[in-house]
Amino acid sequence: MSGRDHRARNREYEQHRSSPRERGYTTRWQKARKTYLMSHPLCVMCKRDGRVTPATVVDHIRSHKGDQQLFWDTGNWQPLCKPHHDRDKQREERSRFQAVDADGWPT
Ligand SMILES: [Zn+2]
């Protein structure tokens, strides 16, 4: 098991431990998210690749880390499909811990 796998596992644990509500994902968020996806129905990353995929996740472009202002700033939101959202978060997770080259390997 590489160190990277180990960290990914730890993060999964963290996410399961805190409830969605504790992380700011309240009823208000559910409503805002739904409204946003109605006016932004397509995954922006798929669109960049020339594909049309319905977005199911509202992603925070800059990680809000509990910052309410950033959390509710719709300029910081982007519509993503689930696979893209998960991939994006994994990449961000890696870059936070170490510098990586274009292929995602440590430099
Ligand atoms: Zn996508």
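Let me start with helix α2, where the count of buried residues is zero out of 13, so the helix lies largely in the open. I should say straight away that this is a predicted model, and that everything I describe is computed from it. The length of α2 can be checked as well: for residues 27-39, at 1.5 Å a residue, the 13 residues should span 18 Å, and the end C-alpha atoms turn out to be 19 Å apart, which agrees.

Turning to the whole chain, the secondary structure consists of five helices and two strands, and if you follow the sequence from one end to the other these elements come in the pattern α-α-α-β-α-β-α. Of the 107 residues in the chain, 7% are buried. As for the contacts, if we take those with a separation of 6 or more, 48% of them join residues that are 24 or more positions apart.

Now to a single residue, H85, which sits in helix α5, residues 82-97. Is H85 buried or partly exposed? With 19 other C-beta atoms within 10 Å, H85 counts as partly exposed, because the cut-off for a buried residue is 20 or more. Which residues does H85 touch, once its neighbours within four places in sequence are set aside? The contacts are with V57, D59 and L80. To put a distance on one further pair, H85 and A55 are separated by 30 residues in sequence, while their C-alpha atoms are 9.5 Å apart in space.

How values were computed:
Residues numbered from 1 in each chain as written. Predicted model: local features only at pLDDT ≥ 70, side-chain atom pairs only at ≥ 80, totals over all residues. Helix = DSSP H or I, 4+ residues; strand = E, 2+ residues; numbered from the N terminus. Expected span 1.5 Å × (residues − 1). Buried ≥ 20, exposed ≤ 12 C-beta atoms within 10 Å, placed from the backbone. Contact = placed C-beta atoms within 7 Å.
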